[in-house]
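This report describes selected side-chain interactions and one sheet in a protein chain. Please consult the sequence and the coordinates alongside the text.

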Amino acid sequence: MDQPTPKHNPSARQPIAHDSAHKHVTGTARYGDDIPEPRGLLHTYAFPAERTHARVSRLDLSAVRAAPGVAAVVSAADLAATTNDIGPVFPGDQVFADGEVLFYGQPLFAVAAESIAAARRAAGRAIVEYVDLPAILTTDAAIDAEAFVVPSKTWGQGDPDRALASAPHRLSGRTTVGGQEHFYLEGQVALAVPGEDGDLLVHSSTQHPSEVQRAIAHVLGRADHAVTVENRRMGGGFGGKETQGAWFAVIAAWLAAATGRPVKYRLDRDDDMTMTGKRHPFVIDYDVGFDADGRIVALDVIQAADCGYAPDLSHSIADRAMYHADNAYYLGDVRVTSHRCRTHKVSNTAFRGFGGPQGMIGIEEIIEQIARATGLDPLTVRRRNYYGTENRNRTPYGMTVDDNILDPLTDELLASVDYARRRAAIADDNAANAVLKKGLAFTPVKFGISFTSKFLNQAGALVLVYLDGSVQLNHGGTEMGQGLHTKVAQVVAEVFGLDFERVRITATNTGKVPNTSPTAASSGSDLNGAAAYNAARKIVDRLLPVIRDHFDVPSEDAIRFGENAVHAGPRRLGSFADIVQIAHRARVQLSAAGFYATPKIEVDALGRGRPFFYFAYGVACSEVVIDTLTGEHRMTRVDILHDVGKSLNPAIDMGQIEGGFIQGVGWLTTEENVWDASGKLLTHAPSTYKIPVASDVCARFTARIYERGENVEDAVYRSKAVGEPPFMLSLSVLHALKDALAAIDGYRSAAPLNAPATPEAVLAAADAMAERAARRSISALPEPAE
């Protein structure tokens, strides 16, 4: 599928605006809750359990069913004939609590009524009695109880025990990182409309329409073909709508089927945050051996993921955390162990990076510790541990890194940020200021691109050409603001030599492209763009002999599509519409389905081998300042250089780079999920959960695309994925904060700072560092004279 370089007024690689940008800013983009409400619409409310772990000793819904305006009520008992389980891979994710509550806020039943107010009032009439049971709320408690959603896993290379024992220097420790609320602007919503013969049309805010289709069909006991799921756009997803959207669509669909009336289920923000899964919190323990130059010679790392009560996608998320336990570094003799812990919390789920950020945070902490132990600049330690190109290039899972551009990326960004001078100036400033401390950090990213479940690396597309030369495009990917539809349309426009506006993007629909993979793993453009390219090429290949014969062109190789027309050398044969009409009269099919499956991916039963098609790379340098008396902190400068290969759309890619970075900064500095001692989530609204806002972005924020980038693999027009990799560049901000804190102790030790680095956490770390410095000063005093 090696495509030619776009030329002749191309559509691909151009900074074309997002196809819905004007609708976004004018408020005319139609989301799930904006769809005109059908006549007879019912509204849904699900009643949440008010216990963390309990047996439901009584659930009396008779008063709920008798309440004014109620059309139907559904609980686990009503799903007994089919299934109450909608686990996407492994069983365990429930529609409703079935006799046992497994997390605070788990739905016990749902009500469909004439209004949402009537549904809420009716639900409040339920009689619920509980018998409390012991709850597991931490990964340590889960490990002690041997409570896992799926079995633990270990892989590595060499003999880490021997290498650790003989290492010149050795450190061990623990770091933790919290979860993250998706906080998509559009909450979870589904609208189910019953049709003829038991058919259902479901509008779902989902990243995976085919999975929603299958879940609904499974719960209703119907064939997949009886359910059509459609999605034109989401107001954000970030992974939170990859599996969890099925939950709400299933409830709406069941109630619609039961009543014969359309049903909408839209969550308010509090319910959404309480009931839906988050990024997995991780606890990472490590034992590392290294030499005097800071080079890692051995590593034993144990990752414990808080998966919540059910598997969801935790097995793959934890796998990806293992795959990224190295980030950009060759680790020598290494062992990586992963525990997938079951706790009595909401079932945690996909989030941008899909475990990769948690894996990287562990190794970056290890680099930080080595730097302080050796007295070296952390950047020096990072570069000494970078993967090599000819050797030191095999990952712990057995894949050779053969597209490494870490050094040229690093050199280019360092040349523009004046790192050495700023490092020296910051050290001088910190020595002169006891309260405000500055920090500087440079961190890399190497992120693997592909689904780690091999079968998901496939996509389909449908391209229709009409007699006026306009084109309609449908594919299996979903649009959540990231610009996927725009990029794929650019690919189709490029193949046909058309202006972008000649290609109409249509809603993702399981009735047009079946059996799709989720739009996730940063692979949306790679997969769906390639499938659409293949579909468009089929049509072009059918047109070529018609053009050759009709216009007496000596060779099909001389025919070129461009400028909304078809050419043979310098000769313009006609507009694209003219050619299409000629082909139609010659009875040539002007529609095509395209398919693409990512090549070269192969792993064993443990996931070792080649799980990724290629790697995406980036580097960032961030500067911060902290107030050691309050813990308050802010970014003062950020510089980013990111590799997107040959960008399909530089404008959209730049938006992903900037947005991903800032979302990562939120995860690492301000966004904190807090549960009380009983397991109830306390941060379930914007009033208690802080995401970054415009004022959090520093005035000097520079992001650039690596202009020399080119994918060595045959991805669509040699581009690279961009959705997730920039997120991890935010680690530079966390380590700049650590650098500022290290200054308190004269850079002689690493700061005890975990993520999120809230002002409270930074203040506690600053106090700890000041105490260390004071102890050093006391120990340095001369012994009193006798």
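The sections below treat aromatic contacts, charged pairs, one asparagine, the strand arrangement and one arginine.

## Basis of the report

The structure is a predicted model. Residue numbers start from 1 along the chain as its sequence is written.

## Aromatic pairs and cluster

Across the whole structure, 20 aromatic pairs are found. One of them joins Phe 248 and Tyr 265 in an edge-to-face arrangement, with 75 degrees between the planes and 5.5 Å from centre to centre. This pair links distant parts of the chain, since Phe 248 belongs to helix H7 (residues 245-259) and Tyr 265 to strand E12 (residues 263-266), with the two positions 17 residues apart in sequence. Phe 248 has a relative accessibility of 1% and therefore counts as buried, the limit being under 20%. Tyr 265 is likewise buried, at a relative accessible area of 2%.

A single aromatic cluster is formed by Trp 155, Tyr 323, Tyr 397, Phe 612, Phe 615 and Tyr 617.

## Charges over rings

Two lysine side chains are placed over aromatic rings. The charged end of Lys 241 sits over the ring of Tyr 184, at 4.6 Å from the ring centre. Lys 345 lies over the face of Trp 675, and here the distance to the ring centre is 4.2 Å.

## Salt bridges

Side chains of opposite charge can pair when their charged atoms come close. The structure holds 50 salt bridges, and three of these are described individually here. Arg 58 and Asp 60 form one, with 3.4 Å between the closest N and O atoms. Both partners are partly exposed: the relative accessible area is 36% for Arg 58 and 22% for Asp 60.

A second salt bridge brings together the side chains of Asp 333 and Arg 162, at 3.7 Å from N to O. It links distant parts of the chain, as Asp 333 lies in strand E15 (residues 333-341) and Arg 162 in helix H5 (residues 160-166), 171 residues apart. Asp 333 counts as buried because its relative accessibility of 19% falls under the 20% limit. Arg 162 is partly exposed, with a relative accessible area of 47%.

The third joins Lys 738 and Glu 365, whose side chains meet at 2.8 Å from N to O. Lys 738 is in helix H18 (residues 731-742) and Glu 365 is in helix H10 (residues 356-374), so the salt bridge ties together parts that are 373 residues apart in sequence. Lys 738 counts as buried at 2% relative accessibility, and Glu 365 also counts as buried, at 5%. In addition, a network of salt bridges links Glu 368, Arg 372, Asp 377, Arg 423 and Asp 739.

## The surroundings of Asn 327

Asn 327 is located in the loop between helix H9 (314-323) and strand E15. With a relative accessibility of 0%, Asn 327 counts as buried.

Which backbone atoms lie by polar atoms of the side chain of Asn 327? The backbone oxygen of Pro 444 is 3.0 Å from one such atom, and the backbone nitrogen of Lys 446 is 3.1 Å from a polar atom of that side chain. Leaving aside neighbours within four places in sequence, Asn 327 is in contact with Met 360, Ile 363, Glu 364, Tyr 387, Pro 444, Val 445 and Lys 446.

## An open mixed sheet

Eight strands form an open sheet with mixed pairing, in the order E3-E5-E1-E12-E9-E10-E11-E20. The edges are occupied by strand E3 (70-75) and strand E20 (508-509); each has a single partner strand, so one side of each is left without a neighbour in the sheet.

Strand E1 (residues 42-48) and E12 run parallel and are joined by two bridges. Within this pairing, His 43 stands opposite Lys 264 in E12. Strand E12 also carries Tyr 265, the partner of Phe 248 in the aromatic pair described above.

## An exposed arginine in helix H3

Arg 121 is part of helix H3 (residues 116-123). Is Arg 121 buried or exposed? Its relative accessibility is 59%, and Arg 121 therefore counts as exposed. The C-alpha atoms of Arg 121 and Pro 68 are 9.0 Å apart in space, while the two residues are 53 residues apart in sequence.

Conventions
This is a predicted model: local features need pLDDT of at least 70, side-chain atom pairs count only at pLDDT 80 or more; totals for chains, interfaces and linings use all residues. Side-chain values use heavy atoms; hydrogens and water are left out. Rings of Phe, Tyr and Trp (its six-membered ring) pair if their centres lie within 6.5 Å; planes under 30 degrees apart count as stacked, over 60 as edge-to-face and the rest as tilted. Helices (H or I, at least four residues) and strands (E, at least two) are DSSP runs, numbered from the N terminus. Buried means under 20% relative accessible area, exposed over 50%, partly exposed in between (1.4 Å probe, protein chains only). A charge sits over a ring if NZ of Lys or CZ of Arg is within 6 Å of the ring centre and within 35 degrees of the ring normal. A salt bridge is a side-chain nitrogen of Lys or Arg within 4 Å of a carboxyl oxygen of Asp or Glu. A polar contact is a pair of N or O atoms within 3.5 Å; within protein, one must be able to donate a hydrogen and the other to accept it, and residues adjacent in sequence count only if both atoms are side-chain atoms. Contact means heavy atoms within 4.5 Å. Two strands pair if DSSP finds at least two bridges between them.
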